[in-house]
Amino acid sequence: MEFLPEILEVVKKEITASGNLKDSPLAVLLLSDKYDSLLSEEADRIRREVYSDEVYLRGLIEFTNYCKNDCYYCGLRKSNSNLTRYRLTEEEIISCCKTGYELGLRTFVLQGGEDPYFTDEKICSIIGSIKEQYKDVAVTLSIGEKEKESYLAYYKAGADRYLLREESANPLHYAQLHPKNLNLERRKECIKTLKEIGFQAGGGFMVGTPHQGVEEIIADLNFLYSLSPDMIGIGPFVSNPDTPFAHFKSGSVELTLRLLSILRILFPHALLPATTSLWTLEPSALQRALKGGANVIMPNITPKRVRNNYRLYPGKTNTEKEAAQTVAELVSIISAAGYRAVSSKGDVRRI
Ligand code: SAM
Ligand code: SF4
């Protein structure tokens, strides 16, 4: 584990003093709650050094819940017949951006299932319209695995960032989460391609997916370390009764928070969101995530009419709130935690 010395540099004194540093120090860190406050304080010190007290808000637009894939954990999987499917029109997407822009949002995240209806042409047209109307915003895409030509087209159309979690960097574990037609090598190749093209690119994984143990998490940390991503999205797995993983329990909020702090220490410059699944399981975890290294929050500005149908998992909060109310509430939570929601694109600060 080539990166261990760095994390150990940070927590060295306390951990070595404790005598717990044996064969797998990172495993000890992950499994124990003993160092949580130390990790969180150190993560906060580092985030303040790089990003001061700024928190970036991203307007999340869930524009299609159709998906051609069948990931075992996700409510949008194609075999889930217990879901009303929808697509937003380009006009509806632009109208979400208008609302968001007026609320001070300067990044829009277009997220959806892998929906063949949205051809490259349609996606590029949407990106182009947003960038033409709003000169000072960033567009983030989160629409899955595509060919290099497609990624290039999106980049040329003006997209700035792309989120594609690797989900699990351990091939066996990846295969336990996905059907055979999806494979880890292709997923990793896509993330690398996105970086090479010039996107601010992000990976990540769910915490507590079925069959995930400490070794699998360490594989993800290693993969991310070699990737050196601009963004890292982690959130607890939330069990969904409409999926084959219905009978597995959800992931741990505490472990997710611990991992967020570890990620901030390992990746001082990364944009680290406090993800929706985290505050869905535990609303108070939002503040704790901010205090432990997270510097991004993604308020949902999808039209209320369809929001409840973007059901990756049950229990999603804020489905009945207007975008303005969601943003106002988040701004006050951020300020109560001791940070400042800023109206800015919030690009990654590279070294
Ligand atoms: N289809 C694109 C993709 O898979 O990259 C983007 C949309 S997908 C819904 C976004 C993320 O949701 C996935 O990367 C996955 O980690 C997360 N997700 C899906 N089902 C989940 C669940 N049951 N609990 C927590 N997160 C989930
Ligand atoms: Fe589709 Fe993404 Fe859900 Fe997989 S995680 S089923 S690709 S929306």
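# Why the parts are called what they are

User: What makes β6 and β7 a parallel pair in this predicted model?
Analyst: Strand β6, residues 200-207, is joined to β7 by six bridges in the parallel sense. Pairing takes at least two bridges, so they count as partners. One spot to look at is glycine 203, which stands opposite isoleucine 232 in β7.

User: What packs on the sheet there, touching β6 and β7?
Analyst: That's helix α9, residues 214-227. The direction of α9 makes about 175 degrees with that of β6.

User: Why are β2 and β7 said to stand at the edges?
Analyst: The open sheet holds six strands in the order β2-β3-β4-β5-β6-β7, with parallel pairing. β2 (59-64) and β7 (231-236) each have a single partner strand, so one side of each is left without a neighbour in the sheet. As for twist, neighbouring strands of this sheet are turned by 20 degrees against each other on average, direction ignored.

User: What is the strand order in the open sheet of three strands?
Analyst: The order is β8-β1-β9, again with parallel pairing. Its edge strands are β8 (296-297) and β9 (340-342), as each pairs on one side only.

User: How do you know that β1 and β8 pair?
Analyst: Two bridges join strand β1, residues 54-57, to β8. The cut-off is at least two bridges, so this counts as a pair. You can find tyrosine 56 facing its bridge partner in β8, valine 296.

User: Which helix packs on that sheet, and which strands does the helix touch?
Analyst: Helix α14, residues 323-336, touches β1, β8 and β9. Its direction makes about 165 degrees with that of β1.

User: Where does ligand 2 sit, and what surrounds ligand 2?
Analyst: Ligand 2 sits in the largest cavity. Around ligand 2 are Cys67, Asn69, Cys71, Tyr73, Cys74, Leu76, Arg77 and Gly113.

User: How do the residues of that shell divide into nonpolar, polar and charged?
Analyst: There are five nonpolar, two polar and one charged. Cysteine, tyrosine and leucine count as nonpolar and arginine as charged, while glycine goes with the polar ones. So Arg77 is the charged one in the shell, and Asn69 and Gly113 are the polar two.

Key:
Residues numbered from 1 in each chain as written. Chains lettered and ligands numbered in written order. Predicted model: local features only at pLDDT ≥ 70, side-chain atom pairs only at ≥ 80, totals over all residues. Heavy atoms only, no water. Helix = DSSP H or I, 4+ residues; strand = E, 2+ residues; numbered from the N terminus. Contact = heavy atoms within 4.5 Å. Axes fitted to C-alpha atoms, helices over the stretch in contact; angles between N-to-C directions. Near = heavy atom within 4 Å. 1 Å grid on protein atoms, 1.4 Å probe; cavity = no way out; pocket = protein on both sides within 12 Å on 5 of 7 lines; lining within 4 Å. Sits in = over half its atoms within 2 Å of the grid points.
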